[in-house]
Amino acid sequence: MAPVNTQLNNVQENVKNVIHDLFQVMTQVSHYDSAGRPSRESLAQDLQTLDSSLLAVYRAAEALPPPPLESDNPKTTPSSSSATNQSAGYTGIPLPLIQYVEDGRNPDIYTREFVELVRRMNQLAKGKVYAFRNFRDVLAHEMDSALPELGEDVRRVLQSTGG
């Protein structure tokens, strides 16, 4: 389990407070009396609370150390976008998604297309695994019948490969 970071926990708690304050504002707006009698003051107070909560999140997030850049991770290879990540600060959001949104397109569509692509790739991989298993079994059967002296080796290989 990862070590507990108190600064990160502080930011997380502040974000929870913002969500709670947004819910309070939503409730006040949905019950807002058009004459503005008692609702006006409570809505103004909830908006001030939301403002202070957002300010607390901003200040707590500023205190966090910057996230590691791709170049800091030895397992990744340098990419063409690593210079962009270093200059602008890496956010963890895929660059194609950012460009997709900047072009005025819906990120939900991007997500749906990505999920569909991954599903197709998984089906292809599953088909390949199935084909190789069948090939392994057919090859083992043919080798066992053609070369009976290798039968023990064939069974050992089958057992070690999950067959």
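Where does glutamate 62 lie? Glutamate 62 lies in helix α2, residues 38–62. Some notes follow.

1. Ground rules. This is a predicted model, in which local features need pLDDT of at least 70 and side-chain atom pairs count only at pLDDT 80 or more, while totals for chains, interfaces and linings use all residues. Residues are numbered from 1 along each chain as its sequence is written, and side-chain values use heavy atoms, with hydrogens and water left out.

2. Overall layout. The protein chain has 6 helices and 0 strands, and from the N terminus on its elements run α-α-α-α-α-α. Helices here are DSSP runs of H or I with at least four residues, strands are E runs with at least two, and numbering goes from the N terminus. Buried residues account for 15% of the 163 residues; buried means under 20% relative accessible area, exposed means over 50%, and partly exposed is in between, with a 1.4 Å probe and protein chains only.

3. Surface and contacts. About 13100 Å² of the protein chain is exposed, and carbon and sulfur atoms supply 60% of that. The areas come from the Shrake-Rupley method with a 1.4 Å probe, and for residues only the protein chains shown count as cover. Taking contacts (heavy atoms within 4.5 Å) between residues at least 6 apart in sequence, 37% join residues at least 24 apart.

4. Back to glutamate 62. This residue counts as exposed, because its relative accessibility is 51%. Its side chain makes a polar contact of 2.8 Å with the side chain of tyrosine 58. A polar contact is a pair of N or O atoms within 3.5 Å; within protein, one must be able to donate a hydrogen and the other to accept it, and residues adjacent in sequence count only if both atoms are side-chain atoms. Glutamate 62 and valine 11 are 51 residues apart along the chain, with 9.6 Å between their C-alpha atoms.

5. Helix α1. Leucine 8 sits in helix α1, residues 6–30, and is partly exposed at 47% relative accessibility. From leucine 8 to proline 65 the C-alpha distance is 9.6 Å, with their positions 57 residues apart in sequence. Asparagine 14 is also found in helix α1, but it is buried, at 11% relative accessibility. Leaving out residues up to four places away in sequence, asparagine 14 touches Ala56, Val57 and Ala60.

6. Helix α5, geometry and packing. Does the span of α5 come out long or short of what its 40 residues should give? Neither: 58 Å is expected at 1.5 Å a residue, and the end C-alpha atoms are 58 Å apart, which agrees. The expected span is 1.5 Å times one less than the number of residues. The buried residues of α5 are Tyr110, Arg136 and Ala140, and they pack against α4 (95–102) and α6. At the start of α5, a side-chain oxygen of asparagine 106 comes to within 2.9 Å of the backbone nitrogen of aspartate 108.

7. Salt bridges. Side chains of opposite charge can pair when their charged atoms come close. The rule used here asks for a side-chain nitrogen of Lys or Arg within 4 Å of a carboxyl oxygen of Asp or Glu, and the count comes to 5 salt bridges. One of them joins glutamate 116 and arginine 120, with the closest N and O atoms 3.9 Å apart. These two are separated by about one helical turn, because they are 4 residues apart in helix α5. Glutamate 116 is partly exposed at 31% relative accessibility, and arginine 120 is partly exposed at 46%. Glu116, Arg119 and Arg120 are linked in a salt-bridge network.

8. Two further pairs. Aspartate 137 forms a salt bridge with arginine 136, the closest N and O atoms being 3.1 Å apart; aspartate 137 is partly exposed, at 36% relative accessibility. Aspartate 144 forms a salt bridge with arginine 155, where the closest N and O atoms are 3.8 Å apart. Aspartate 144 lies in helix α5 and arginine 155 in helix α6, so this pair ties together parts that are 11 residues apart in sequence. Aspartate 144 is partly exposed with a relative accessible area of 31%, and arginine 155 is partly exposed with 45%.

9. A nonpolar patch. Phe132, Phe135, Leu139, Met143, Leu147 and Leu150 make up a nonpolar patch on the surface, and together they have about 550 Å² of accessible area. Patches are made of residues with over 30% relative accessible area and no salt bridge, joining like charges within 9 Å and nonpolar side chains (Val, Leu, Ile, Met, Phe, Trp, Tyr) within 5 Å. Leucine 147 is in the loop between α5 (107–146) and α6 (151–160), and counts as partly exposed at 34% relative accessibility.
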